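Biologist: I am new to this structure. Could you give me a close look at its pockets, and then at how one helix packs against its partners?

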Amino acid sequence: MAKKNADAPKYSKETYKYWYESMQLQRKFEEKCGQLYGMQKIKGFCHLYIGQEACSSGSKSALQEGDKYITAYRDHGIPLALGTSPNAIMAELYGKITGASKGKGGSMHIFDKEVGFVGGHGIVGAQIPLGAGLAFAEKYKKTGNVSITYFGDGAVRQGALHEAFNMAMTWKLPAIFVVENNGYAMGTSVARTSNVTELYKIGEAYDMPSEPVDAMNVEAVHEAVSRAAARARAGEGPTFLEFRTYRYRGHSMSDPQKYRSKEEVEAYKDRDPIEQVKYTILEHNILTQAELDEIDAKIKVQVQESVDFAEASPFPDKSEAYKDVYVEENYPFIEE
């Protein structure tokens with residue numbers, strides 16, 4: 001049983017319902033992905049978000065339409081939270097033409113411009129300066145939008161982070177930088193790779209407002225991102241948030257997880273973000289158990305429909321290799 005929160009609910013019924021449904025969709029979708037990978041329906045690299053769902057859902061509820069999101073290669077959960085069709089994501093994992101990236105990106109490179117998701121990125125830390133660039137564009141165009149950039153704890157040691165932090169503070173960019181600290185860079189603990197183990201303190205070297213966040217709690221995530229977004233929209237510059245979260249599965253599907261104990265994993269499961277919000281919902285009569293069961297049943301259908309859609313979709317034609325490479329379709333470097 002997850003840690004209980006007996007405090008009175010702070011948010012609307014719609015918000016709690018969104019959090020539960022959004023996180024549960026991510027959980028069930030990812031569990032299905034794990035099964036399909038074992039069946040060799042999904043191939044290549046596959047990094048599951050199970051346990052980290054509050055990071056995406058809490059951020060989405062705190063931000064507004066027009067804001068931009070960019071992340072690393074553990075990227076299924078964020079677009080699901082933003083409203084990307086599960087069909088499009090599953091088809092992308094299958095490498096099908098109906099996928100979010102037309103079957104060209106696979107698990108690590110999902111994009112959805114319609115919901116402001118600027119992709120999953122495979123090079124560690126490479127999305128951090130891109131996230132700063134997104135914020136620069138929003139400031140330049142005076143849109144009032146912000147960018148939020150997610151990366152893992154391993155990326156904190158990349159030089160690109162420090163360059164981006166310096167420029168973001170110098171130019172007061174409307175950016176939110178988030179390290180999803182799940183404790184391990186692949187299989188190596190933070191303590192073995194960094195002298196600074198409270199990662200939010202790295203932002204303080206740039207005078208960037210920085211704070212740790214209990215990212216097993218969706219309310220805490222929502223509140224931290226809300227504060228950061230308000231600061232960014234007021235022209236006060238970026239914020240660095242350390243989301244202290246945990247992945248229940250390995251770094252990727254090929255990870256035997258020998259670097260951590262089963263007891264450690266179970267201890268984090270006792271703080272499960274979905275169970276926490278479910279307890280709040282039931283304890284304060286926000287929704288009934290029957291209503292939650294109805295949501296669960298709907299999600300089960302959604303996930304199965306996404307599998308059926310992916311199975312039935314065709315693979316891309318070889319001509320697709322030349323498409324979506326350049327903005328200009330007849331770019332002179334492409335010749336028959």
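Modeller: Start with the term. A pocket here is an open set of grid points with protein on both sides within 12 Å along at least five of seven lines. Its volume is the space filled by probe spheres set on those points. Keep in mind that this is a predicted model.

The second largest pocket holds about 320 Å³ of space. Its lining has 20 residues, and the closest to the centre are Tyr-73, Gly-152, Asp-153, Gly-154 and His-251. Two elements give two or more residues to this lining: β3 (147-152) and β5 (184-185). By class, the lining of the second largest pocket has eight nonpolar, eight polar and four charged residues.

Now the largest pocket. Its volume is about 520 Å³. It is lined by 22 residues, with Asp-112, Lys-113, Glu-114, Gly-116 and Phe-117 the closest to its centre. At least two lining residues come from each of β1 (68-71) and β2 (117-120). Ten residues of this lining are charged, eight are nonpolar and four are polar.

Next, the helix. Take α1, residues 13-38. Follow it past three partners.

The first partner to look at is α11, residues 273-283. The two axes come within 10 Å and cross at roughly 150°. Angles over 145 degrees count as roughly antiparallel. So α1 and α11 are roughly antiparallel to each other. The crossing is left-handed. On the α1 side, the contact uses Tyr-16, Trp-19, Tyr-20, Met-23, Gln-24 and Arg-27. They meet Pro-273, Ile-274, Val-277, Lys-278, Thr-280 and Ile-281 of α11. This contact has eight nonpolar, two polar and two charged residues.

Then comes α12, residues 289-312. Here the axes come within 9 Å and cross at roughly 40°. That angle therefore leaves α1 and α12 oblique to each other. α1 passes α12 in a right-handed crossing. From α1, the residues in contact are Lys-13, Lys-17, Tyr-20, Glu-21, Gln-24, Leu-25, Lys-28, Phe-29, Lys-32 and Leu-36. Those they meet in α12 include Glu-291, Leu-292, Ile-295, Asp-296, Ile-299 and Val-303. The classes are nine nonpolar, eight charged and four polar. Tyr-20 and Gln-24 of α1 thus take part in the contact with α11 and in the contact with α12.

Last is α2, residues 53-62. It packs against α1 at an angle of about 140°, with the axes 9 Å apart. That makes α1 oblique to α2. The crossing is right-handed. α1 brings Tyr-18, Trp-19, Ser-22, Met-23, Gln-26 and Arg-27 to this contact. α2 brings Glu-53, Ala-54, Ser-56, Ser-57, Gly-58, Lys-60 and Ser-61. Six residues of this contact are polar, four are nonpolar and three are charged. Trp-19, Met-23 and Arg-27 of α1 also appear in the contact with α11.

Note on methods
Residues numbered from 1 in each chain as written. Predicted model: local features only at pLDDT ≥ 70, side-chain atom pairs only at ≥ 80, totals over all residues. Heavy atoms only, no water. 1 Å grid on protein atoms, 1.4 Å probe; cavity = no way out; pocket = protein on both sides within 12 Å on 5 of 7 lines; lining within 4 Å. Helix = DSSP H or I, 4+ residues; strand = E, 2+ residues; numbered from the N terminus. Nonpolar A, V, L, I, M, F, W, Y, C, P; charged D, E, K, R; others polar. Axes fitted to C-alpha atoms, helices over the stretch in contact; angles between N-to-C directions. Parallel < 35°, antiparallel > 145°, perpendicular 65-115°, else oblique. Left-handed = near helix turned anticlockwise from the far one by under 90°. Contact = heavy atoms within 4.5 Å.
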